[in-house]
Amino acid sequence: MTIWSVINSLTFRYIAKYVVVLSASVFLLLAALYAYISYGFFTELSESILDEQETLAVIYAGQSIAGVEQYVNDQLTAPASGRFYYLVTDGSGQRVAGDLNEVPRYEQFRGGWLGFQLALLEWGETVDVDFLARPMDLGGDYTAIVARNYADVTAQASLVIRTLFRAMIATIVLGMVGGFLSATSTLSRVERLNRELSGIIEGGPEQRINVDAQKGYVRELAEIMNSLLAQSEGLLRGVKTVSDNIAHDLRTPLTRMRNQLEQLRASERGDTALALNDIISECDDILGTFNALLRISSLETGGLYSGSAEVPLDQLLADVVELYEPLAAERDVALTLQMDACPAVAGDRDLLFQLFLNLVDNAIKYTPDGGSVVVRAAALVGFGARIVVGDSGPGIPADQHGNVLRRFFRIESSRGTHPGHGLGLSLVQAIVTFHRGVLSLGDNAPGLRVTVDLPQLSSRRK
Amino acid sequence: MHVLLVEDDETVGRFIVEQLQQAGHECTWKVDGVSGLAAARSDSFDVIVVDRMLPGTDGLTLLATLRNAGLTTPVLVLSALGEVSDRVEGLQSGADDYLVKPFSIDELLARLDVLFRRVASESSAAQTELTVADLRIDLLSREVTRAGQPISVQPREFKLLEYLMRHAGQIVTRAMLLEHVWGYHFDPQTNVIDVHISRLRQKIDKGFPEPLLETVRGAGYRLGDAPVDAQPGTSTDSVSQ
């Protein structure tokens with residue numbers, strides 16, 4: 001299981017999405033809360049400035065500019081944090097009172113509000129502090145600016161934003177790690193299920209998933225799959241039984257019919273006799289198909305080869321090639337046998353002969369006149385022998401390789417052009433499986449290459 | 001001929017009986033080893049057909065008992081494919097032929113015919129020369145002549161010809177040829193044997209007015225004329241290729 005496969009898994013993606021959406025919504029919620037609180041704070045701040053201005057206005061009205069001066073100077077001795085800053089100027093712009101030296105570069109806001117930055121000495125350091133200010137006419141050419149810094153608010157803001165950001169990062173990282181871990185565990189369960197299912201595909205429909213090894217909902221899934229498998233196995237067996245029964249039961253009346261046709265033909269002459277010949281050979285074809293079908297199914301249901309006979313392949317393959325030499329010569333097909341030293345394989349001599357006879361028969365049948373068919377045998381270390389039958393015919397497209405092993409399946413292009421009932425390779429497959437061997441089809445570039453691996457007696461698994 | 005069939009499978013049994021009777025043979029059918037053994041001892045049959053797997057006494061035990069009792073009637077053993085590798089065991093128990101299910105009824109009929117006739121020709125087994133019409137082969141020098149003219153054949157063709165001549169006038173199936181000439185036992189279901197036959201025919205029949213080697217449609221081949229007592233079920237028709 002690679003990291004990539006975990007990240008790609010459904011569980012991880014689901015959790016990742018969830019984490020992202022969750023942190024985004026938490027962020028939005030907190031941001032909205034912050035905006036609301038800041039707005040409240042600024043409202044309060046500006047109201048306090050307006051109040052202070054009103055105070056100044058009242059003092060000016062009562063005690064003129066000297067009173068204002070007195071008041072401002074009193075205020076300046078108050079603790080620095082949270083207090084007001086003042087600048088009272090006369091008509092010529094000269095400062096009369098206050099601790100702001102002059103009007104700094106400011107930004108003009110709505111409703112006569114100003115904003116500026118000022119370097120203040122704080123804890124022995126000059127710090128740029130944001131101010132909110134409002135100028136007012138006191139009367140008699142006097143102007144008063146009342147300002148108040150909002151460093152606290154910005155500090156709070158940046159603190160909140162930093163905290164939010166860190167919390168989000170932490171949430172995402174923790175969420176992803178959690179997601180990764182839970183995806184890994186889910187994935188390993190799913191992977192085990194996959195492995196078991198692949199094993200079933202290879203091993204045959206009678207196999208089942210080991211339910212006891214699964215937990216939770218995967219176990220439930222495994223149970224459902226098992227009942228599904230049981231169902232399809234039953235259906236499959238039903239279909240096989242039905243087709244075998246059909247073949248078995250139809251053989252009797254068909255043979256009877258064929259014999260009656262024979263008797264009829266004995267007394268006929270000319271065209272009728274010829275027509276009867278055709279019908280009889282049709283009957284023979286059908287009977288041949290039935291026999292092949294029954295043969296395959298008895299191979300498939302009869303268990304695996306358990307005898308201890310050993311078949312030397314050199315003699316067997318030489319016999320097959322010798323048997324086919326006249327036919328190959330007639331078609332001008334070069335039929336050659338390349339025999340490396342290889343061990344005798346475990347199996348039934350007649351069945352193995354039939355296996356290679358079918359393969360060579362097919363190879364020659366589908367190879368155009370003047371082509372070549374090569375039978376090659378070599379040792380397969382640790383297993384037994386590998387026999388390859390390659391032809392120079394049209395081959396079989398890779399996507400059809402699985403299909404041609406099915407009963408009655410014939411490549412569309414070979415229907416009508418080559419005789420046969422579409423059981424040859426099925427029989428080959430059945431014989432190979434019966435011997436615990438492996439059959440595979442490949443491209444011979446050009447042509448079809450059939451590879452048969454057969455075990456020797458000593459390497460046969462129990 | 002009179003055939004004893006010992007077969008427990010009802011469908012197969014009824015089928016064989018029916019086909020044997022249609023081919024003009026007499027057939028007695030027993031469904032288990034014990035009654036089969038009793039029948040074989042009490043009556044005289046030309047050929048016995050025994051299924052390998054039987055309830056009670058199995059086919060091979062029955063066969064061994066018969067042989068121990070000195071009965072020499074030819075026996076053909078039928079077997080399902082699962083027991084295919086036990087063929088040698090079957091023949092060692094005294095079977096004269098062995099046929100794996102499923103088989104075609106022609107195959108069974110041809111084999112029974114051969115078994116039946118072999119008894120008659122047993123006495124001439126030691127001959128060194130075989131003759132069919134003007135075709136003659138010498139088993140020692142391995143020379144083939146027709147009407148005195150020498151014909152050169154390859155070793156396999158000689159074997160093929162020898163088998164055909166030993167069963168002159170009888171139908172031999174492709175499976176029987178594959179079995180006795182090549183040494184493998186199954187129904188090839190392909191035309192590969194036909195090519196060998198037509199090669200042989202080229203050598204022994206070409207240039208002679210009377211063809212000897214016939215293809216018996218749907219069944220197999222026959223060298224020489226059919227005997228006058230040919231059965232209706234194995235009616236023949238020569239088709240020259």
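**Group meeting: a two-chain model, from Asp51(B) outward**

I'll start with a record. In an unreviewed entry, UniProt lists Asp51(B) under "modified residue: 4-aspartylphosphate". Keep in mind that what we have here is a predicted model.

Where does Asp51(B) lie? Its place is in strand E3 of chain B, residues 47-51. Is Asp51(B) buried or exposed? There are 25 other C-beta atoms within 10 Å, and the cut-off for buried is 20 or more, so Asp51(B) is buried. Leaving aside residues up to four places away in sequence, Asp51(B) touches Val6(B), Glu7(B), Asp8(B), Gly59(B) and Leu78(B).

Next, how chain B meets chain A. The contact involves 31 residues of chain B and 38 residues of chain A. On the chain B side, the elements giving two or more residues are helix H1 (10-22) and helix H8 (192-205). Sorted by class, that side of chain B has 13 nonpolar, 13 polar and five charged residues.

Let me stay with H8(B) for a moment. With 14 residues at 1.5 Å a residue, H8(B) should span 20 Å, and its end C-alpha atoms are indeed 20 Å apart, so the two values agree. Which residues of H8(B) are buried? They are Val192(B), Ile193(B), His196(B), Ile197(B), Leu200(B), Arg201(B) and Ile204(B). When you look at that list, remember that an α-helix has 3.6 residues a turn, so residues three or four places apart point the same way. After H8(B) comes Gly207(B), with a positive phi near 90°.

Now to chain A, and its sheet. Five strands of chain A form an open sheet in the order E8-E10-E11-E13-E12, with mixed pairing. Why is one side of E8 and of E12 in chain A left without a neighbour in the sheet? Strand E8 (334-339) and strand E12 (438-443) of chain A stand at the edges, and each has a single partner strand. On average, neighbouring strands of this sheet are turned by 15° against each other, direction ignored.

At the E12 edge, six bridges join E12(A) to strand E13 of chain A, residues 448-455, and the two run antiparallel. One of the pairs to find on screen is Leu439(A), whose bridge partner in E13(A) is Val452(A). A helix also lies across this sheet: helix H7 of chain A, residues 349-366, crosses E8, strand E10 (372-380), strand E11 (384-391) and E13 of chain A. H7(A) runs at about 20° to E11(A).

Last, some backbone details in chain A. As background, most residues other than glycine have a negative phi, and most peptide bonds are trans. Here are three places to check against that.

The peptide bond from Ala445(A) to Pro446(A) is cis, with omega near -5°. Pro446(A) sits in the loop between E12 and E13 of chain A.

Ser64(A) is not a glycine, yet its phi is positive, about 60°. Ser64(A) belongs to helix H2 of chain A, residues 10-76. It has 14 C-beta neighbours inside 10 Å, which makes Ser64(A) partly exposed.

Arg436(A), also not a glycine, has a positive phi of about 60°. Its location is the loop between helix H8 (424-434) and E12 of chain A. Arg436(A) has 19 C-beta neighbours inside 10 Å; buried needs 20 or more, so Arg436(A) counts as partly exposed.

That is the end of the tour.

How values were computed: Residues numbered from 1 in each chain as written. Chains lettered and ligands numbered in written order. Predicted model: local features only at pLDDT ≥ 70, side-chain atom pairs only at ≥ 80, totals over all residues. Contact = placed C-beta atoms within 7 Å. Helix = DSSP H or I, 4+ residues; strand = E, 2+ residues; numbered from the N terminus. Nonpolar A, V, L, I, M, F, W, Y, C, P; charged D, E, K, R; others polar. Pairing = 2+ DSSP bridges. Axes fitted to C-alpha atoms, helices over the stretch in contact; angles between N-to-C directions. Expected span 1.5 Å × (residues − 1). Buried ≥ 20, exposed ≤ 12 C-beta atoms within 10 Å, placed from the backbone. UniProt positions renumbered as here; feature names shortened; annotations may be inferred.
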